[in-house]
Each structure stands twice: as structure tokens, then as C-alpha cells.
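Me: I am new to this structure and would like a close look at a single part of it. Please start with whatever term is needed, then show how that part fits with the rest.

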Amino acid sequence: MVTNAAAVTSDRRTQLAITLVDVVGRLATGTTAMIPVESPAEVGVVDAWCRGNGHSVLAVHADAVEVYRGRLSDLDSKIPTERMPGRRLWLYANFHCNLACDYCCVSSSPKADPRALGVDTVAALVAEAVTAGAVEVLVTGGEPLMHPAIDEVVGICAAALPTVMLTNAMLFRGSRLRLLDALPRDGLTLQVSLDSATPGLHDAHRGAGTWLRAVEGIRVARSMGFTVRIAMTVSRRDDAQEEQVRQFAASMGISPEHMVVRHIARQGEATSGIVLSRATLVPEVCNGRGCLVAPCRGHRPGDDGEHRLDAPRSEHRVDPRGIPRLPPSR
Ligand code: SF4
């Protein structure tokens with residue numbers, strides 16, 4: 001976690017330390033609390049205090065840091081075998097993109113080095129994943145449709161395992177529309193990013209006009225016979241907004257189980273979001289059979305364990321082994 005903690009005055013450090021001792025000291029182990037911060041530099045102060053006192057920073061928001069009482073790594077021993085990392089293969093097919101979103105966790109943009117995976121490499125990776133017992137492949141980027149051989153890449157994946165290709169759905173025209181048409185319909189889901197039911201929020205992160213083109217792309221993909229899943233990326237939980245997107249998706253013929261709500265990760269271009277760790281990644285990489293932590297207010301009374309990283313709602317399971325879930329963040 002890179003922050004300039006030295007820029008924080010000693011008075012403010014003292015205030016933060018008093019707040020942390022008071023708030024975290026009263027938390028039960030395995031629960032979280034919000035610590036207000038006034039600048040990015042103060043995130044480093046909170047992080048250093050947590051490290052020195054056996055606690056963890058779970059998420060960073062614009063005005064607060066979410067602190068977890070205890071070490072997230074302590075949860076590793078409680079991960080059931082079937083949820084250990086390795087059940088899903090994430091392939092970063094290429095790193096360049098037609099967009100440059102302000103929260104892109106891999107800093108993709110039209111200027112990014114493509115670093116495209118070769119078809120032979122993909123074939124070898126998929127074969128290895130099958131041998132290792134993987135159950136699903138996710139092809140992402142960058143924008144995968146900018147990979148010149150994405151039809152071959154996805155064809156290899158979908159022939160071996162259920163496959164999801166993540167796309168912003170904005171390049172479904174010309175030669176790339178022909179590439180799209182060459183993708184298999186069976187065994188493949190297109191996961192399209194759509195952050196809001198109207199252009200405002202989506203365009204604020206992704207650029208003017210991107211929402212409309214994504215919606216057009218969704219319609220094109222569905223008319224071509226693809227299964228489409230919508231992925232909504234959020235900074236904080238907002239049930240009303242999620243419901244609006246769900247209803248908008250339904251108006252395009254996309255059912256609720258084909259909707260994913262994922263949190264911004266504090267990585268790459270993002271200055272706030274969940275802090276990645278093995279424990280917070282578990283739902284993302286392991287098909288989301290329950291989860292161990294509650295990133296960014298992920299659990300609330302009545303949620304029944306649904307996680308908020310990258311699992312479709314239909315993947316939700318109450319943890320069968322009784323692993324303690326976190327109470328709501330404050
Ligand atoms: S978030 Fe997705 S669409 Fe946006 S720049 Fe990154 S890879 Fe491209």
C-alpha cells in the first residue's frame with residue numbers, strides 16, 4: 001500500500017491512533033469498522049498502525065478506511081479445499097483497451113502495451129487448468145476483442161471448460177463484429193460491464209457516450225445468440241441502484257441470475273476500493289461459494305452471505321462448514 005504517510009502531521013497521527021485504539025479495540029475479532037481519514041496520506045498511517053497491531057485494512061474509500069480486526073491471512077486456514085484459489089482460470093488475453101476507465105485495476109488504455117497471450121500459450125494454460133481441476137475460464141484484459149486471435153483463444157477455452165469473456169461491448173462493428181460472430185455460442189457467456197441504468201455513473205468512470213454504446217453492444221450480442229451477463233462495478237453498496245440496473249437488464253431480456261455486482265479494487269488506476277488479499281479474492285477466484293470476509297459492506301443483516309466481488313447471485317451459497325461470516329460494517 002503506497003501512500004505518503006510522512007506527510008501527516010504529528011497531531012493528526014496522534015488523533016488517528018487514539019481513534020484506532022478506541023474503535024478497533026472495541027471490535028470483536030473478525031469484524032470491521034470505518035475509520036474516517038482526511039487525505040490519502042492518512043491511509044498509510046492507518047495501514048501502518050494495523051500492521052503493527054495485528055489488524056488489516058480491508059478497503060479504502062474516499063473518506064474512510066475500513067479496518068478488519070485481526071489478520072486477513074488468518075482466514076486462509078478456513079478456506080475449504082473446493083474454494084481454494086485455482087478453481088477458475090483467469091486469462092488476461094491482452095492489456096490494451098479502447099477505453100481508459102478511471103478505476104481500471106490493470107491500467108488498461110489504448111496506449112497500454114498489449115502483452116497479448118499467444119494461442120499456443122493459451123492452449124497450454126487451459127490444458128494445465130483442466131488437469132488441475134479448474135471448473136471455469138474467464139477471459140479478460142484489457143478489451144479481449146482487441147486481441148487479433150480472440151476467436152481462437154475463446155474457442156480453445158470454451159471447448160475445454162465453461163468460459164466467460166469480459167468485454168465492454170463497444171467494439172461490435174466491422175472486423176471485430178466478424179471476430180465476435182466467430183466465437184462459440186455454446187459454453188460461452190459474454191460478461192458486459194454496465195455500471196448504472198442510465199448514462200451518468202457509467203460514463204463518469206468510463207467516458208462520455210460509453211453507456212449508450214455498451215447498451216447497443218448488449219443488444220447486438222443477444223441478437224447474435226450469445227448468453228449475456230451484466231457486470232456492475234460499484235464503489236459502495238446501493239440497493240436502489242442495483243435494482244435499477246436489474247430492472248434495466250430485465251428490459252433487455254437478461255434475467256437476474258445473469259447479473260454480477262463487483263467492487264472496485266484498489267489497484268491500478270483506482271485510488272479507493274477493496275484492498276486485495278488472498279481472503280478478499282476468494283470469491284473472485286473460486287466461484288463464490290460463500291465468502292470469508294465482507295468487503296465494502298458486503299454483508300448486512302438478511303444478506304445471507306451473498307458476496308459482492310464477482311459472483312453472479314445464482315452462485316451464492318451459505319457456507320456449509322459454518323465459517324463465521326462478518327457482521328455488517330459500520
Ligand atoms: S476497466 Fe475494462 S473497459 Fe475499462 S479500461 Fe480497464 S479493461 Fe478497459
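Reply: A residue is called buried here if 20 or more other C-beta atoms lie within 10 Å of its own, exposed if there are 12 or fewer, and partly exposed in between. The part to look at is strand β3, residues 64–68, in a model that is predicted. By this count, 4 of the 5 residues of β3 are buried, and the strand is mostly covered.

Next come the partners of this strand. Strand β1, residues 32–36, runs antiparallel to β3 and is joined to it by 5 bridges. Strand β2, residues 56–60, also pairs with β3 in the antiparallel sense, here over 4 bridges. The link between β2 and β3 is a hairpin, with 3 residues between the two strands.

Single residues show how the pairing works. Valine 65 of β3 is the bridge partner of isoleucine 35. Valine 65 is also the bridge partner of valine 60. One place further along β3, glutamate 66 is the bridge partner of alanine 59. In general, strands of a sheet pair through backbone hydrogen bonds, either parallel or antiparallel.

The pairs belong to an open sheet of 4 strands, in the order β1-β3-β2-β10, with antiparallel pairing. Strands β1 and β10 (273–274) stand at the edges with a single partner strand each, so one side of each has no neighbour in the sheet. In the sheet order, β3 comes between β1 and β2.

From the sheet one can move to the nonpolar cores. In general, nonpolar side chains tend to be buried together in soluble globular proteins. The largest nonpolar core here has 46 residues, and those with the most contacts inside it are Val137, Val139, Val153, Val154, Cys157, Val192 and Ile230. Helix α4, residues 150–160, gives the most to this core, with 6 residues. A second core, separate from the other, has 27 residues, among them Leu20, Val45, Val67 and Cys104. Position 67 falls within the range of β3, residues 64–68, and this is how the strand connects to the second core, through Val67.

Cys104, named in that second core, is also one of the residues around the ligand. The others surrounding the ligand are Cys97, Leu99, Ala100, Cys101, Ser108, Gly141, Gly142, Glu143 and Asn168. This shell divides into 5 nonpolar, 4 polar and 1 charged residue. Gly141 and Gly142 are joined by a cis peptide bond, with omega about 20 degrees. Glycine 142 lies in the loop between β5 (136–140) and α4.

Another loop, between β4 (88–92) and α3 (119–132), holds serine 107. The phi of serine 107 is near 55 degrees, a positive value in a residue other than glycine. Serine 107 has 16 other C-beta atoms within 10 Å, and it is therefore partly exposed. Arginine 115 is found in the loop between β4 and α3 as well, and its phi is positive too, at about 40 degrees, although it is not a glycine. Arginine 115 is exposed because it has 12 other C-beta atoms within 10 Å.

Back in the largest core, Val192 is among the residues with the most contacts inside it. Leaving out residues up to four places away in sequence, valine 192 touches Thr167, Ala169, Ala214, Gly217, Ile218, Val228, Ile230 and Ala231. One of these, isoleucine 218, is found in helix α7, residues 210–223. Isoleucine 218 counts as buried because it has 24 C-beta neighbours inside 10 Å. Besides neighbours within four places in sequence, isoleucine 218 is in contact with Ala169, Val192, Val228 and Met252. Isoleucine 218 and isoleucine 230 are 12 residues apart in sequence, and 8.8 Å separate their C-alpha atoms.

Finally, the chain as a whole. It has 9 helices and 10 strands, and 42% of its 330 residues count as buried. Among contacts in the chain with a separation of 6 or more, residues 24 or more positions apart account for 71%. The average pLDDT of the chain is 81, and 80% of the residues score at least 70. Over residues 285–330 the pLDDT stays under 50, and for this stretch the model has 118 contacts beyond four places in sequence.

Key
Residues numbered from 1 in each chain as written. Near = placed C-beta within 6 Å. Nonpolar A, V, L, I, M, F, W, Y, C, P; charged D, E, K, R; others polar. Contact = placed C-beta atoms within 7 Å. Core = buried A, V, L, I, M, F, W, Y, C linked by C-beta atoms within 7 Å. Pairing = 2+ DSSP bridges. pLDDT = per-residue confidence, 0-100.
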